[in-house]
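Open your viewer, switch to a cartoon view, and follow along. We will go from stop to stop, with a selection to make at each one.

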Amino acid sequence: MTQIIRLIVLGKQGAGKGTQCIRLSRHYVIEHIATGDMLRAAVKLGTKVGLEAAEYMEKGELIPDDIVIRLVQERTSTGIAHERGFVLDGFPRNVHQAEMLDDLLTPESLDAVVDLRVPTNLVLKRIASRRVCADCGTTYSTAKPPRVDWICDNCGGEVVQRDDDTEAAIQRRLDLYEKETKPLIAFYREHGKLIEISGVGQEEIVSRRLIMAIDKILRQKTTRISADGDNK
Ligand code: ADP
Ligand code: ZN
């Protein structure tokens with residue numbers, strides 16, 4: 001039987017969550033569920049959710065919890081996410097969302113919550129040079145652009161600066177991170193799920209750190225499951 005893997009990655013704006021979550025989703029063959037990417041796609045398509053979300057996003061405010069939880073519920077309950085698992089990127093973003101997620105999944109079914117740690121002075125530098133594919137959300141930077149003229153290597157989409165990567169919206173998002181999202185670190189630590197990983201350094205090296213820590217947790221889980229099986 002394949003083991004289902006369910007992960008959350010927390011970290012402030014520019015910590016490298018998106019990049020690392022894509023790597024994790026490829027490594028473990030699980031779904032990458034990024035609420036920011038889903039919302040940006042909805043804005044671009046002009047769906048009902050998108051029309052409502054756009055105003056909040058441009059200012060760096062959070063979208064109402066009930067809208068976001070609905071998106072997450074839909075995505076986690078089908079396809080690869082349902083069959084093999086997922087890594088959540090940008091969700092939950094406050095304690096209320098974490099509680100709603102517990103209702104959706106039961107707390108035991110989460111394998112690990114990663115806190116990807118990067119100092120604020122470094123994330124500010126990273127965000128200033130950040131560019132993203134408007135279609136698939138792949139992240140680039142002015143120092144590491146796509147191979148051809150701001151065309152996404154992954155999907156051929158246009159690579160641009162995000163509408164909310166303005167100074168005011170970044171500051172608002174970082175403030176909200178401190179106020180709303182940081183308390184989740186204590187929340188998940190109390191649940192015994194938290195692993196803290198430094199997000200400083202090359203992409204590949206950070207990725208290896210993450211995979212080593214997650215593999216360790218998954219091995220413990222396998223041992224636990226087989227021990228439980230022996231008892232029966
Ligand atoms: P960043 O981490 O740089 O803020 P994201 O792509 O994760 O970027 O999110 C972009 C925006 O999408 C947020 O500023 C917010 O408006 C909205 N958003 C994303 N995820 C959530 C969420 N879980 N709850 C509420 N709003 C969200
Ligand atoms: Zn792309």
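Two strands count as paired if DSSP finds at least two bridges between them. Helices (H or I, at least four residues) and strands (E, at least two) are DSSP runs, numbered from the N terminus. Before selecting anything, note that this is a predicted model, in which local features need pLDDT of at least 70 and side-chain atom pairs count only at pLDDT 80 or more, while totals for chains, interfaces and linings use all residues. Residues are numbered from 1 along each chain as its sequence is written, chains are lettered from A and ligands numbered from 1 in the order in which they are written, and side-chain values use heavy atoms, with hydrogens and water left out.

**Stop one: the parallel sheet**

Please start with strand E4 (residues 112-117) and E8, which pair in the parallel sense over 5 bridges. Show Arg117 as sticks, and you will find Ser198 of E8 standing opposite. Now widen the selection: 5 strands make up an open, parallel sheet in the order E2-E3-E1-E4-E8. E2 and strand E8 (194-198) are at the edges with a single partner strand each, so one side of each has no neighbour in the sheet. On average, neighbouring strands here are turned by 20 degrees against each other, direction ignored. For such angles, axes are lines fitted to C-alpha atoms (for helices over the stretch in contact), and the values run from 0 to 180 degrees between N-to-C directions.

Add helix H2 (residues 35-45), which packs on this sheet and touches E2 and E3, its direction making about 70 degrees with that of E2. Contact here means heavy atoms within 4.5 Å.

**Stop two: two backbone details**

Which residue has a positive phi although it is not a glycine? Select Val29, where phi is about 50 degrees; Val29 sits in the loop between helix H1 (17-28) and strand E2 (31-34). Next, go to Phe91 and Pro92, which are joined by a cis peptide bond with omega about -10 degrees. Pro92 belongs to the loop between strand E3 (85-89) and H6.

**Stop three: a trail of helices**

Select helix H4 (residues 65-76) together with helix H6 (residues 95-105): they pack at about 35 degrees, and their axes are 11 Å apart. From H4, Asp65, Val68, Ile69, Val72, Gln73 and Thr76 meet His96, Gln97, Met100, Leu101 and Leu104 of H6. This contact is made of 6 nonpolar, 4 polar and 1 charged residues. In this count, Ala, Val, Leu, Ile, Met, Phe, Trp, Tyr, Cys and Pro are nonpolar, Asp, Glu, Lys and Arg are charged, and the others, Gly among them, are polar.

Keep H6 and add helix H9 (residues 183-190), which packs against H6 at an angle of about 35 degrees with the axes 9 Å apart. Here Val95, Ala98, Glu99, Leu101 and Asp102 in H6 meet Pro183, Leu184, Phe187 and Tyr188 in H9. The residues split into 7 nonpolar, no polar and 2 charged.

**Stop four: the zinc site**

Which protein atoms are the donors of the zinc ion (ligand 2)? They are the SG atoms of Cys133, Cys136, Cys152 and Cys155, lying 2.3 to 2.4 Å from the ion. Donors are N, O and S atoms within 2.8 Å of the metal (3.2 Å for Na, K and Ca); water is not among the atoms, so sites may look incomplete. The 4 donor atoms subtend angles of 101 to 117 degrees around the zinc ion, which makes the arrangement tetrahedral (four donors count as such if all angles lie between 85 and 135 degrees). Along the chain, the donors follow the spacing C-x2-C-x15-C-x2-C. Cys133 lies in strand E5 and Cys155 in the loop between E6 and E7, so this pair ties together parts 22 residues apart in sequence.

Finish with the strands themselves: E6-E5-E7 is the order of an open, antiparallel sheet of 3 strands. Its edge strands are E6 (139-141) and E7 (159-160), each pairing on one side only. Strand E5 (residues 130-133) is joined to E7 by 2 bridges, and Val132 has Val160 in E7 as its bridge partner.

Methods:
Tetrahedral: all angles 85-135°; square planar, octahedral: opposite > 155°, others 65-115°.
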